[in-house]
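Biologist: Hey, I'm new to this one. Can you pull it up and walk me through it?

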Amino acid sequence: MSVQEEVLEEVLTETKEEKQNEIVVFNDDVNTFDHVIEMLMDACEHDMLQAEQCTLLIHYKGKCGVKTGDFEDLQPRCTKLLEAGISAEIQ
């Protein structure tokens, strides 16, 4: 089979890219480390270590993305954080 006889088949694959949203928690001078850790464990289902690490990032960096997912999943979680007095938003 010569090069001229070869048929190149181009396969187009459609990739569905779903936009992943993220809950971002911001630092404040009101909430204690323990309160933020407890709320991250409750609202975002973090384990203790993950919640502690996020809380340290929030404190030293000013903010931290704490949960990624679909908007429908994140909205009640973010609302729970807001109701607990924690500054958070979905981005």
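**Salt bridges and a surface patch**

Modeller: Sure. Arg 77 makes a salt bridge with Asp 73, with the closest N and O atoms 3.3 Å apart. Keep in mind that this is a predicted model.

Biologist: OK, where do Arg 77 and Asp 73 lie?

Modeller: Both are in helix H3, 4 residues apart, which is about one turn of the helix.

Biologist: And is Arg 77 buried or exposed?

Modeller: Arg 77 counts as buried, because its relative accessibility is 13% and the cut-off for buried is under 20%. Asp 73 is partly exposed, at 34%.

Biologist: Which other side chain does Arg 77 meet in a salt bridge?

Modeller: That's Glu 45, at 3.7 Å from N to O. This pair links distant parts of the chain, with Arg 77 in helix H3 and Glu 45 in the loop between H1 and H2, 32 residues apart. Glu 45 is exposed, with a relative accessible area of 57%. Through shared partners, the salt bridges join Glu 45, Asp 73 and Arg 77 into one network.

Biologist: How many salt bridges are there in the whole structure?

Modeller: The search finds 3. One of them pairs Lys 80 with Asp 42, the closest N and O atoms being 3.1 Å apart. Lys 80 is in helix H3 and Asp 42 in helix H1, so this pair ties together parts 38 residues apart in sequence.

Biologist: Switching topic: which residues form a nonpolar patch on the surface?

Modeller: Phe 33, Leu 56 and Tyr 60, with about 350 Å² of accessible area together. Tyr 60 belongs to helix H2 (residues 48–61) and is exposed, at 66% relative accessible area.

Terms used. Residues are numbered from 1 along each chain as its sequence is written. This is a predicted model: local features need pLDDT of at least 70, side-chain atom pairs count only at pLDDT 80 or more; totals for chains, interfaces and linings use all residues. Side-chain values use heavy atoms; hydrogens and water are left out. Patches are made of residues with over 30% relative accessible area and no salt bridge: like charges are joined within 9 Å, nonpolar side chains (Val, Leu, Ile, Met, Phe, Trp, Tyr) within 5 Å. Accessible areas come from the Shrake-Rupley method with a 1.4 Å probe; for residues, only the protein chains shown count as cover. A salt bridge is a side-chain nitrogen of Lys or Arg within 4 Å of a carboxyl oxygen of Asp or Glu. Helices (H or I, at least four residues) and strands (E, at least two) are DSSP runs, numbered from the N terminus. Buried means under 20% relative accessible area, exposed over 50%, partly exposed in between (1.4 Å probe, protein chains only).
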